[in-house]
Amino acid sequence: MSLAQILSTYLNMNLLIVIGFVGLSLFSFSLRRAKLNMGSGTELRLHYAAMSIILILSVIHPLLPRNEVFSPAAKVWSAQSIKSFSQDYTAPDKGGYLSLPTPMGSSILQADQVAIAWTILGTVVLVLGGLFIGRDLRVLFKTKRNSFLVRKLGRVRILINDGIQVPFSYWLPGQANIVVPSSLVERREDYRMAIAHELQHHRHGDTRWVYVMCGMRLICIINPLVHFWNRWISEIQEFACDEALVDQNKVESQAYARCLVEVAQTAINQKYVPVCATGLTFLVEGNLLKRRIEKMLSKSSTRIGRSISISVGLLLASIMGATAVASKGLVQDRRVSMSQAKAMAFRAQSESGFPVVINDLVLTQLNRYIGTPEGRDFMRDSLSRMQNYRAAIGEQLKKYGIPIEIMAVPIIESGYQNLTEGQSNTSMKAAGLWQFIPSTAINYGLRVESQKDERLDVGLNTDAAMRYLQSNNLRFKDWHLSVLAYNMGENAVQKGMNALGSRDAWTLIRNGYEGDKNYLPKLMAAILIMKNPHSLQ
């Protein structure tokens, strides 16, 4: 996964947490204002559903199609500028620059350094999280060793321990446990209610969800809302257990409330509670304990609550899904990989007889044009100007039986600008859309005089370019060699072919037989972009 994908997925996960927390908070506030009681069990399922949606959308986020709803907030480039491209560019899967929006403008960071810092930060968080969970598991195993099994209720093991003050439950792969302080055993009614409460945690899946919540807190440690949400869900877990026991008449509400208060008083002396466990009186602060008792004694309205929660859940799922798709473009890698380039080449193939190829040289030029801000601007402007000449040049291509791919030549010659000698600023005094030098223009019947330069007549210049390219192709029987000859001269191409004993244009280039540096790779990149204009989005 690329740096852009990692950052995009991470931002998406945090954004979904914000939406989930804020959405459920607004919903909870609305219920209180309307004096409606949804029921804690229904509310807990709604929270679990929201978290499940976040996890699913985070996992599949890299697979979602890229749909640029808004301009990416951050971008990964091949180089900071097209001028520094040759010094900055290494490979599409290495190096690169990350541009981030700041109040002072755009900030540029080296992508490799960001990736290393991200890896180190992630490793540190995972190690700390592992130590955190490992400490709890060590405590649990120690507690388990010092406990003795008194009975089994299905798959749930009931353990008695002399060293704890409050009962709690926890889950490990293959086993569900409830640990009860020995001091509670003699109080038979309290013991029975404590067991019933902890069993309810297992039934609700709370002992498994604590791991999910712990993992989300670790991954999104800098997001304060995930910590608030974790605390909120912990409260609802207790409310839901209380509600289930009272509604199902498994406990008598007055006796249960008394039990909560008494165990809460003893819980004050409990110095440590494992984070991967849930328990009867883990949340025993004064206000919360009062709320627990008030909620337990109030009548829940599960029928209405179930209908409302389904509607809210569907609405949240829709909003989160749309957000996940939209956030796909939060961070985008503007660079082109070899597989992406091959896909572009596949789509660019035609039956015109002009072979479209992709290799390392073409990939480099693709990243020069697509992977730099200036390169993209140049290509966008060139393709926009090309539309003004498309019909006229298209007729000439058809007239001379020349492949449509040749329409990309003026892109790299002039950017589809009808430049004078002074504007083109070349030592060869080239001019016009096709950048003819004076000698070539005269050879093909164009007047190049101080009073009249027919290279600036787009029609005449295009006709001459067609005849020149057609002449080259009649001689070399190869469009790659023909285009190379258009740039460096047919005699120079013939000299390279004789010296190397090869008719492969790419062999000539790799052995230094070329005019403008990387002329043919640039043309091939321009053809690929011309036929894949969406690559500039």
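**A tour of salt bridges and the largest pocket**

Begin by selecting E405, a buried residue with a relative accessible area of 1%. The model on display is predicted, and every value quoted in this tour is computed from it.

Next, add K531, with which E405 forms a salt bridge; the closest N and O atoms are 2.6 Å apart. Because E405 sits in the loop between α13 (373-400) and α14 while K531 belongs to helix α21, the pair ties together parts that are 126 residues apart in sequence. K531 is partly exposed, at 25% relative accessible area.

Helix α21 (519-531) also leads to the next stop, as one of the elements that give two or more residues to the lining of the largest pocket. This pocket has a volume of about 930 Å³. Select E413, A430, Q435, N487 and D516, which are the closest to its centre of the 37 lining residues. The lining comprises 16 nonpolar, 15 polar and 6 charged residues.

Now move to D190 and R258, whose salt bridge brings N and O atoms to 3.1 Å. D190 lies in helix α5 (residues 188-204) and R258 in helix α8 (residues 253-267), 68 residues apart. D190 is buried at 4% relative accessible area, whereas R258 is partly exposed at 35%. Adding R187 to the selection completes a network of salt bridges linking R187, D190 and R258.

Finally, select D463 and R467, which form a salt bridge at 2.9 Å, N to O. Both lie in helix α17 (residues 458-476), where a spacing of 4 residues separates them by about one helical turn. D463 is buried at 16% relative accessibility; R467 is partly exposed at 28%. In total, the structure holds 13 salt bridges.

Terms used:
Residues numbered from 1 in each chain as written. Predicted model: local features only at pLDDT ≥ 70, side-chain atom pairs only at ≥ 80, totals over all residues. Heavy atoms only, no water. 1 Å grid on protein atoms, 1.4 Å probe; cavity = no way out; pocket = protein on both sides within 12 Å on 5 of 7 lines; lining within 4 Å. Points joined across faces, edges and corners; volume = space filled by probe spheres on them. Nonpolar A, V, L, I, M, F, W, Y, C, P; charged D, E, K, R; others polar. Salt bridge = Lys/Arg side-chain N within 4 Å of Asp/Glu carboxyl O. Buried < 20%, exposed > 50% of the residue type's maximum accessible area, 1.4 Å probe, protein only.
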